[in-house]
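Trainee: I'd like to learn how to read a fold by its covered and uncovered parts. Can we go through one together?

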Amino acid sequence: MKKSTQKKQEKVGKINTDVRVILEKVDNGNRLKTKDWEIAKEHFKARCVYCGSTDNLVKDHAIPMNAQHLGRDRPGNVVPACRKCNYAKKDRNYIDFCSEKPENRNPAKYGRKAEQAITEFMREQGYKGLSRNKATLEEIKTIIDKARDVAGKERDKAATEIKKRIAK
Ligand SMILES: [Zn+2]
């Protein structure tokens, strides 16, 4: 991997961590509970929703908790996925991941069926995004961008101040 690409990815990773923290705060006290995770695993028969594997199941946010997709840590949006699929999906929406060309898939099983199963599960669990209104969603993104910007600047300032105090 090129150094510049790696740096960019690290930056994106940090940015998404900030967004995740904000989104978690929005649903504070209202987030996915152990019981909800058990329901999700039971619903998908303790298998990866994307490939059917039973190995190392982790919580996958079908709609990711990032600035682009604004997913929530709420029942219906958290599905079991094996580490391989969770890693392959990265920051993508489940619909995009499931509609990938078969030759790009890793592992090879997920597809439209997984997409439908997740959409159905979301409906069944009553999952709702932050808003259905496009203008509101744009406003939310602007609020998040602003917070990120301020937080980033404060972090840089803090690092500079700490560096000054490091014993020489
Ligand atoms: Zn999988």
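Trainee: What percentage of the 168 residues of the protein count as buried?

Mentor: First, a caution: this is a predicted model, where local features need pLDDT of at least 70, side-chain atom pairs count only at pLDDT 80 or more, and totals for chains, interfaces and linings use all residues. Residues are numbered from 1 along each chain as its sequence is written. A residue is buried if 20 or more other C-beta atoms lie within 10 Å of its own, exposed if 12 or fewer, and partly exposed in between, with C-beta atoms placed from the backbone. Here 24% of the 168 residues count as buried.

Trainee: How many helices and strands does the protein have?

Mentor: Those are DSSP runs, numbered from the N terminus: helices are H or I with at least four residues, strands are E with at least two. This protein has six helices and two strands, in the order α-α-β-β-α-α-α-α.

Trainee: Is strand β2 mostly covered or hardly covered?

Mentor: In a regular strand, side chains alternate between the two faces of the sheet. β2 (residues 78-82) is mostly covered, with five of its five residues buried. V78, P80 and C82 point one way, V79 and A81 the other.

Trainee: And how many residues of α6 are buried?

Mentor: Zero of its 32, so to speak a hardly covered helix.

Trainee: Why does E100 count as partly exposed?

Mentor: Because E100 has 15 C-beta neighbours inside 10 Å. You'll find E100 in the loop between α4 (94-98) and α5 (112-125).
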